[in-house]
Amino acid sequence: MIDRRGRGEVLHALALVAGDGEPLDRGLAGLAAGDPLLEPWLRRLAPDLAAGRPLEQVLRRHRLIGRDEVAVVAASTDLPATLRRLAAASPAVPLRARALRWLPVTLTVTLGVGTLVGSALLNLAATQPMHDLNIRLPVGHGSTGSWLALVVLIAAVAAALAGSMVALDAIPGVRRLLHLWCPEVQRSLALAELVRALASQRRAAALRHWRTWWFLTRWRLPYQLRNATVAEPDAEQRLAALGVLPLRHGAPDWEAAVATADARLAGAVGAASMLIGPLLWGCLLCGFFYGVMGPLLTIVEQLNGGF
Amino acid sequence: MLDLLPILCQQLNADGTLSSPQARQIGITVKGLVSTVGIILGGVIALHILWAALRPFLFWQVAPPGITRWVARALAEALRQGRDPGEALRTAAIGLPVPWSYAACDVAEALQVGETLPDALLRRSLVRRDAARIGSAALRLGGGAPQRWLDDLATLPPGHQRLRDGLAPVAASALIALGILGFIGIFIVPQFEQICRDLAVAPSPTLIAIATISDSPWSKLALVLLALAGLWLAVAWGWRGLHRRSAAGLIASATAAGASEGEIASALGVADGSLAGICRACGWRADDRDGLLRAMAADTEAGERRAAVLATAARIVLPLLLAVPVWLLADAIFGTLVRLLVALEAAG
């Protein structure tokens, strides 16, 4: 996982130093003298840089770039530009957007947490009376072991759902089913990830995100505009043709592109949160009531089934 | 009620009806969790599809205020940066739902063949008629007036953001809670009724009342009408005062740019050529530009204050209103449960 804190500043600083042509450790030390934010990074990077290790390995070792970005840095013919592009792709995608994309897992965890809290409260308040009733209690009630079993069960269900989503995401065509909920958020998230992938020159990831974003956007554009867009050779030029990728002096302005995509994503997440936020609170509450009422509901169910 | 539970469970254990194996319990829990998540997810997807399908028909006359603001913002930015408005509209179209994305692209094409921006936007129902009239007046005045018109069109009414931030979460929570209560009323209450019928036990009066109401078609119609009224109110609130504010912005920017009172009156179609008369015709009480600016600032402040009061009142009143159906349902279900257990004890 990439350490996003200060990643942008460090990569920008390294780009500046690489552009000046001086040794990276010395240049970074010079910049750190005037910028306290760079000081901790200087302490971490300087020994490896001074030892002459390849830059991509140093950056990867200190989690400043991802695995798929190592090859990009290694093969770069214009290191300052590459580092600036990587720096532009630094801001992390908001957690709420990711939670909305993984909504089934989020719902499972929310329901599960509510149930666990409710059953824990019931166990603390009434374990002995429940045992005195001498009934088969639902999972999670009656003992700590049962409660822990419920924790494992909920975690297993959440993990299974996440695994199913990952498996579905790998199947072309079928993965579109994962875009059915909160499509506006999915669209904006795909664009935010696409812009980041293009900025950091991760072609495979960019193609994947382009396909998702184009699928979720294509019916918004007239036939001629869609065809004209797809006629462009690559995703970068297609986005520029649509005006989604701002240009500065003829070249893409990656920082503005990431900021604009993030602003769209924030708007979409805000709008979706008006429904999903209260829904999650409702799930938490319902889970809590289920946890508290579990044994009683079991009895009522049996009453209903037995007559 | 809790005193009856041991007796009840003894009976059920004697019958062997409560001794299901642990593995079955685990299976039931997993199935319950997965099916609940599936139902909720299905509900979210269904809501999105329903909204996407209904939205063009609900807003067939004119686009929702948010769409107009989105388009106006894109055009205002393009004008400010000296870019082609057609390109800005095509870029904005990507962020718009169907059919307004197509409408935005149509406007871009219409601009290329020489149609004026306000007319093109009006014809594709992206702005209201009164807003388009102000836009035409802005074009006639020229200078910074079109930019001001677009900026005003892109701006939320005063207090709107505060009201949305304060009201929307409460309203959404209330809707979700009403949905849950409706679900309980439609699916759970009849089950209790059935149990009471099978055991020949009279349900609580509150349960009978709730069952009667949920069975009645008039209550469903009332709910639908209430929802539509709420939607209309939300949309109308987004448009309120737009014409008045846009006109004031136009007058202020035109006078600052040096336009004469006659030109402004002619552009706005007002008979009285004096500035006071123009302001009066547009809904403002002001004799000169400074007075108009003061009135606009006071109006904005009043809007913010109103929104703060409304948001606070809603945050207090809505949960209290919601407590009533919650209390009624709890009384109905628990009251019926107590009657069932008493009857079982009497029978046993």
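The following questions and answers deal with a predicted model of two chains, A and B, and with the reasons behind the words used for them.

Q: What makes chain A more spread out than a compact globule?
A: Chain A is built from 14 helices and two strands. The radius of gyration of chain A is 26 Å, and the globule rule gives 19 Å for 307 residues. The value is well over the rule, so chain A is described as more spread out than a compact globule. The C-alpha trace of chain A spans about 80 × 55 × 30 Å along its principal axes.

Q: How do you know that chain B is more spread out than a compact globule?
A: Chain B has 15 helices and zero strands. For 348 residues the globule rule gives 20 Å, whereas the radius of gyration of chain B is 30 Å. That is well over the rule, so chain B is also called more spread out than a compact globule. Its C-alpha trace covers about 95 × 40 × 30 Å along the principal axes.

Q: Why is Asn123(A) called buried?
A: Buried means under 20% relative accessible area. Asn123(A) has 10%, so it counts as buried. This residue lies in helix H8 (residues 103–133) of chain A.

Q: What makes the link between Asn123(A) and Gly140(A) a polar contact?
A: The side chain of Asn123(A) reaches the backbone oxygen of Gly140(A) at 2.9 Å. A polar contact needs a pair of N or O atoms within 3.5 Å, and 2.9 Å meets that limit.

Q: Why is Gly287(A) called buried?
A: The relative accessible area of Gly287(A) is 2%. The cut-off for buried is under 20%, so Gly287(A) falls in that class. Gly287(A) sits in helix H14 (residues 254–306) of chain A.

Q: Which residues does Gly287(A) touch, not counting residues up to four places away in sequence?
A: Gly287(A) touches Leu111(A), Gly114(A) and Thr115(A). To touch here is to have heavy atoms within 4.5 Å. A separate value concerns Thr108(A), which is 179 residues from Gly287(A) along the chain, with 10.0 Å between the two C-alpha atoms.

Q: Why is Asp169(A) called partly exposed?
A: Partly exposed residues lie between the buried class, under 20%, and the exposed class, over 50%. Asp169(A) has a relative accessible area of 21%, so it belongs to the class in between. Asp169(A) is part of helix H9 (residues 144–169) of chain A. Leaving out residues up to four places away in sequence, Asp169(A) touches Arg175(A), Leu178(A) and Arg208(A).

Q: How far is Asp169(A) from Ala155(A) in sequence and in space?
A: The two are 14 residues apart in sequence, and their C-alpha atoms are 21 Å apart.

Q: Why is Gln201(A) called partly exposed?
A: Its relative accessibility is 26%, which is not under 20% and not over 50%, so Gln201(A) counts as partly exposed. Gln201(A) is placed in the loop between helix H10 (183–199) and helix H11 (203–217) of chain A. Gln201(A) is not a glycine, yet its phi is positive, at about 55°.

Q: Why is His249(A) called exposed?
A: Exposed means over 50% relative accessible area. His249(A) has 81%, so it counts as exposed. His249(A) lies in the loop between strand E1 (247–248) and strand E2 (251–252) of chain A. The phi of His249(A) is positive, about 55°, although His249(A) is not a glycine.

Q: What kind of peptide bond joins Val98(B) and Pro99(B)?
A: The bond is cis, with omega about 10°. Pro99(B) belongs to the loop between helix H4 (85–94) and helix H5 (100–112) of chain B.

Q: What share of each chain counts as buried?
A: In chain A, 48% of the 307 residues are buried. In chain B, buried residues make up 41% of 348.

Q: How many positive and negative side chains does chain A have?
A: Chain A has 31 positive and 23 negative side chains, and the centres of the two sets are 6 Å apart. Chain B has 30 positive and 27 negative charges, with mean positions 2 Å apart.

Note on methods
Residues are numbered from 1 along each chain as its sequence is written. Chains are lettered from A and ligands numbered from 1 in the order in which they are written. This is a predicted model: local features need pLDDT of at least 70, side-chain atom pairs count only at pLDDT 80 or more; totals for chains, interfaces and linings use all residues. Side-chain values use heavy atoms; hydrogens and water are left out. Helices (H or I, at least four residues) and strands (E, at least two) are DSSP runs, numbered from the N terminus. The radius of gyration is taken over C-alpha atoms; the globule rule is 2.2 Å times the number of residues to the power 0.38. Buried means under 20% relative accessible area, exposed over 50%, partly exposed in between (1.4 Å probe, protein chains only). Lys and Arg count as positive and Asp and Glu as negative; His and the chain ends are not counted. The place of a charge is taken as NZ of Lys, CZ of Arg, CG of Asp or CD of Glu. A polar contact is a pair of N or O atoms within 3.5 Å; within protein, one must be able to donate a hydrogen and the other to accept it, and residues adjacent in sequence count only if both atoms are side-chain atoms.
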